[in-house]
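Reader: I'd like a close look at one helix in this model, and then a walk outward to whatever else is worth pointing at. Could you take me through it slowly, in plain words?

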Amino acid sequence: MLIAADKFKGSLTAVQVAERVTAGLRRVVPDLEVESLPVADGGDGTVDAAVAAGFERREVRVAGPLGHEVTAAFALRDGTAVVEMAEASGLQRLPAGVFAPLSASTYGSGELLRAALDAGARTIVFGVGGSATTDGGAGMLSALGARFLDAEGEPIAPGGGGLAGLASADLSELDRRLASVELVLASDVDNPLTGPKGAPAVYGPQKGASPDDVEALDRALAHYAKVLEETVGAKAAEYAASPGAGAAGGIGYGALLLGARFRAGIEVMLDVLGFAPALEKATLVITGEGSLDEQTLHGKAPAGVAAAARAAGKEVVAVCGRLALPPQALGRAGIRRAYPLTEAEPEVAKCIAEAGPILERVAEGIARDFLT
């Protein structure tokens, strides 16, 4: 039995999901052998998943999205670092109820990457998602040595709003170590930087951006890409239109400028976490996340787990808080059956507040259906 589930956002971490499912299964089959491999798709929870898989947790003080210092973590094992931008620049780093769509910066994410380099990383998996920012990665690049100046030769203001005043960019002083490191951009979204499917239009409202803010940010990011095209050549325009450039408020674009290779976040993480050898031993795989919906089918962790398991001929079931997919869609994704908490407890507020005990009851049902 292999449990490879993501977090139930706002209720349970991926590690807690695995613990609760294990407890429920063993109530029905006490001597059941269970292997837990908490997973993530590059967004928040990615470092925790790596640590659960045996990576060492490293903590460092970096700038949060509003410039105040925060303690952020990355994970390290055998020369591979897992860096999660949300640790430094995520929405969870903003005070409750506060948004800063125009001024939030990814500077701290650049400091996290620098800390991974200082720790001797030769491969960096850069998981992006859950950002508070829409600055195209300019803050991150600044922390790594880039300079972004206005017409007076002064540094521009932080955040995506500040990019409107950008007159010149200089990437010549970027940290030299980046050239000898394999940098992998791990994301579950493939949006370009700007336009109708770009970072401001699609994700800006989630970060508090008004319609006017979205327009301003889109113009500012387009201007930023144009200035960078003058600095580094045509590839800057190519990167802006590339899949993943719009990830996490455009930090994907900044990572591509650093030479990163874009891969679906869950695919990268399954490789890094050692999913294939764990899968070989499993007879049944349990995956899941808080909400199984249309988004799940587009690069989220359960879809990636199910695809890999199906390719290996293994049966997959899923647990979730809420199920919004019909059986046919689940089947096409490689999931035999889904078990939502709302089947055991119709009251949604109770499912969120008491997710752990309810998940254990759901897992008992899986054990009765598939293991007895």
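Author: Let's start with helix H9, where the buried residues are Ala-247, Ala-248, Gly-249, Gly-250, Ile-251, Gly-252, Tyr-253, Gly-254, Ala-255, Leu-256 and Leu-257. Keep in mind that this is a predicted model. The helix covers residues 247-257, and eleven of its eleven residues are buried, so it counts as mostly covered under the 20% cut-off for relative accessible area. As background, an α-helix has 3.6 residues a turn, so residues three or four places apart point the same way.

Now zoom in on one member of that helix. Ala-248 sits in H9, and its phi is positive, about 50°, although it is not a glycine. That is worth a second glance, since most residues other than glycine have a negative phi. Ala-248 has a relative accessible area of 10%, which is why it is called buried. Just past the helix there is another positive phi: Gly-259, right after H9, takes a value of about 95°.

For a contrast in setting, go to Asp-78. This residue also has a positive phi of about 50° without being a glycine. Asp-78 belongs to the loop between strand E4 (69-77) and strand E5 (80-84). Its relative accessibility is 69%, so Asp-78 counts as exposed.

Next, a helix residue with partners from elsewhere in the chain. Val-227 is part of helix H7, which runs over residues 211-232. With a relative accessibility of 4%, Val-227 counts as buried. Setting aside neighbours within four places in sequence, Val-227 is in contact with Leu-166, Ala-167, Ser-168 and Ala-169. Take the last of those: Ala-169 is 58 residues from Val-227 along the chain, yet their C-alpha atoms are separated by 6.8 Å.

From there, move to the loop between strand E8 (168-170) and strand E9 (182-187), which is where you'll find Asp-175. Asp-175 is a charged side chain that counts as buried, because its relative accessibility is 17% and the cut-off is under 20%. What does it touch? Leaving out residues up to four places away in sequence, Asp-175 touches Arg-114, Leu-117 and Leu-144. Asp-175 also has a salt-bridge partner close by in sequence: its side chain meets that of Arg-177, at 2.8 Å from N to O. Arg-177, for its part, is partly exposed, with a relative accessible area of 32%. So this bridge pairs a buried residue with a partly exposed one.

There are other bridges to look at, and the count for the model comes to 22 salt bridges. One of them joins Glu-35 and Lys-281, whose closest N and O atoms are 3.4 Å apart. That pair links distant parts of the chain, with Glu-35 in strand E2 (residues 35-36) and Lys-281 in helix H11 (residues 275-281), 246 residues apart. Glu-35 counts as partly exposed because its relative accessibility is 28%, while Lys-281 is exposed, with a relative accessible area of 62%.

Another bridge brings together the side chains of Arg-61 and Glu-69, at 3.2 Å from N to O. Arg-61 counts as partly exposed at 48% relative accessibility, and Glu-69 is exposed, with a relative accessible area of 52%. Those two values fall on either side of the 50% cut-off, so the two residues get different labels.

Last stop: the cysteines. Since you work at the bench, you may want to know how many disulfides turn up, and a search of the whole structure finds zero. Cys-320 is in no disulfide, and its nearest cysteine sulfur, that of Cys-351, is 9.9 Å away. Seen from the other end, the sulfur of Cys-351 has its closest cysteine sulfur in Cys-320, and that 9.9 Å is too far for a bond, because a disulfide needs the sulfur atoms within 2.5 Å. Cys-320 counts as buried, with a relative accessibility of 0%. Cys-351 counts as buried as well, at 5% relative accessibility.

To come back to where we began, helix H9 has eleven of its eleven residues buried, and Ala-248 within that helix has its positive phi of about 50°.

Methods: Residues numbered from 1 in each chain as written. Predicted model: local features only at pLDDT ≥ 70, side-chain atom pairs only at ≥ 80, totals over all residues. Heavy atoms only, no water. Helix = DSSP H or I, 4+ residues; strand = E, 2+ residues; numbered from the N terminus. Buried < 20%, exposed > 50% of the residue type's maximum accessible area, 1.4 Å probe, protein only. Contact = heavy atoms within 4.5 Å. Salt bridge = Lys/Arg side-chain N within 4 Å of Asp/Glu carboxyl O.
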